[in-house]
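Open the model in a viewer and keep the sequence beside it. The stops below say what to select and what is found there.

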Amino acid sequence: SLTAGIVGLPNVGKSTLFNAITQAGVEAANYPFATIDPNVGVVEVPDERLDKLTELVKPKKTVPTAFEFTDIAGIVKGASKGEGLGNQFLSHIRQVDAICQVVRCFEDENITHVSGKIDPIDDIEIINLELILADLETVEKRYQRVEKLARQKDKDSLQEFEVLSKLKEALENDQPARTVEFNEDQDKIVKGLHLLTNKPILYVANVKEDEVADPDANENVQKVKEYAAQENAEVIVVCAKIEEEIAELDPDEKDMFLEELGIAESGLDKLIKASYNLLGFGTYFTAGEQEVRAWTFRKGIKAPQAAGIIHTDFERGFIRAETVSYDDLLEAGSMAIARENGRIRLEGKDYIVQDGDVIHFRFNV
Ligand code: GDP
């Protein structure tokens, strides 16, 4: 299954945040896809649409969708040279689908920083450089092999050589692969290389307890935002300490606590939503009297594959997908009125499922 990996230098708040994730998270055993591993936390995806659908349909049961975070400890300077735990760290990163990099933006004299000072950009660059160096090694190996074939004017090799040259140049200039522009064909070649710096990335700025209400007052947060903007990456601000406390509260207490802090949404909820998007996920819903449920799909898949997420029989015997968009359904106020108004579409096997679709699959058994 798809997973977002949490990385960061030592003492930036990774364990604290990961604790909050596992505390707030759900039993992996309830989700057949989930990995049972102490370094994996399974979280439910908060979604207001699911709450609204529940109000509308009044089912016996409501089931949110979920996905995984993996805690990846052990980044050190020199990881790409295979020092210490370095190799292990890189192989763990290779397995995740998106990266959440925790960056220390909080000052605390009692908690030492590996470089002796709080400098979020320095920290980000230490990690990114290790990933860039590891990728450069991958690209150079391939480059040497393809260069020979390209000289013999082999067409595929010429195209790959062009891609590798662009990547090599970027990486040599400390630019991550994700910042390089490629066309669709070239993109396929890049994907095949499984580069670390081509994975989508999100920066998690960890601030102090009293800074969450107004994080932009924190200069370090501003710096991280500027840095991320150049990379087209997103930044989420959290206070890991507070998230750890929130994770122990029940939902009513949580709302009260957030109000006291002057924030609308917990940092963890923001992180879950942002990571979900980063992974290229969308949500579709099924809404019956028994159960209203959210399902995660990879954006771009067609109706039969989406049906297969519920059950392989649904995919095999797929006939059609009776589909209404969440907005149309909500506007209609009930499935019956949506049907009367012609808002329920009969979609076939080539239909590309959209985020927010409410679907009833018809299938042969
Ligand atoms: P890791 O090495 O990145 O996993 O960092 P930890 O989660 O172990 O945190 C290192 C230290 O920083 C611990 O003493 C935490 O209690 C503290 N810490 C983590 N997050 C915060 C925070 O948001 N605010 C403050 N004041 N301290 C924090």
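## The sheet

Start by selecting residues 3–7 and 66–71: these are strands β1 and β4, which run parallel and are joined by four bridges. Note that the model is a predicted one. Within this pair, Ala 4 has Phe 69 of β4 as its bridge partner, and Gly 5 stands opposite Thr 70.

Stay on β4 and add residues 40–44, which form β2. β2 and β4 pair in the antiparallel sense, over five bridges. Here Gly 41 has Phe 69 of β4 as its bridge partner. Is β4 mostly covered or left open? Six of its six residues are buried, and so β4 counts as mostly covered.

Now show the whole sheet. Six strands make up this open sheet, in the order β2-β4-β1-β5-β6-β7, and the pairing is mixed. Which strands stand at the edges? They are β2 and β7 (234–238); each has a single partner strand, so one side of each has no neighbour in the sheet. From one strand to the next, the twist averages 25 degrees.

## Helices on the sheet

Select residues 14–24 for helix α1, which packs on the sheet and touches β1, β2, β4, β5 (98–104) and β7. The direction of α1 makes about 55 degrees with that of β2.

Next select residues 120–151, helix α4. This helix lies across β1 and β5, and runs at about 145 degrees to β5.

## Around the ligand

Select the ligand and the residues around it. The shell holds 17 residues, and the closest are Gly 13, Lys 14, Ser 15, Thr 16 and Ala 240. Which helix gives the largest share of the shell? It is α1, with three residues. α1 and α8 (240–246) each supply at least two. By type, the shell divides into six nonpolar, six polar and five charged residues.

Pick out Gly 13, in the loop between β1 and α1. Gly 13 counts as buried because 25 C-beta neighbours lie inside 10 Å. Beyond its neighbours within four places in sequence, Gly 13 is in contact with Val 102, Arg 104, Asn 206 and Ala 240. To see two distant parts of the chain side by side, add Lys 241: Gly 13 and Lys 241 are 228 residues apart along the chain, while their C-alpha atoms are separated by 8.1 Å.

## Two more helices

Move to residues 155–172, helix α5. At 1.5 Å a residue, its 18 residues should span 26 Å, and the end C-alpha atoms are 26 Å apart, so the two values agree. Colour the buried residues of α5: Glu 160, Phe 161, Val 163, Leu 164, Leu 167, Ala 170 and Leu 171. What do they pack against? The partners are α4 and α6 (184–192). After α5 comes Asp 174, with a positive phi near 65 degrees.

Finish at residues 267–278, helix α10. The expected span of its twelve residues, at 1.5 Å a residue, is 16 Å, and this agrees with the 16 Å between its end C-alpha atoms. Its buried residues are Gly 267, Leu 268, Asp 269, Leu 271, Ile 272, Ser 275 and Tyr 276. Gly 280 follows α10, and its phi is positive, near 80 degrees.

How values were computed. Residues are numbered from 1 along each chain as its sequence is written. This is a predicted model: local features need pLDDT of at least 70, side-chain atom pairs count only at pLDDT 80 or more; totals for chains, interfaces and linings use all residues. Two strands pair if DSSP finds at least two bridges between them. Axes are lines fitted to C-alpha atoms, for helices over the stretch in contact, and angles run from 0 to 180 degrees between N-to-C directions. Two residues are in contact if their C-beta atoms, placed from the backbone, lie within 7 Å. A residue is near a molecule or strand if its C-beta atom, placed from the backbone, lies within 6 Å of it. Ala, Val, Leu, Ile, Met, Phe, Trp, Tyr, Cys and Pro count as nonpolar, Asp, Glu, Lys and Arg as charged, and the others, Gly among them, as polar. The expected span of a helix is 1.5 Å times one less than its number of residues. A residue is buried if 20 or more other C-beta atoms lie within 10 Å of its own, exposed if 12 or fewer, and partly exposed in between; C-beta atoms are placed from the backbone.
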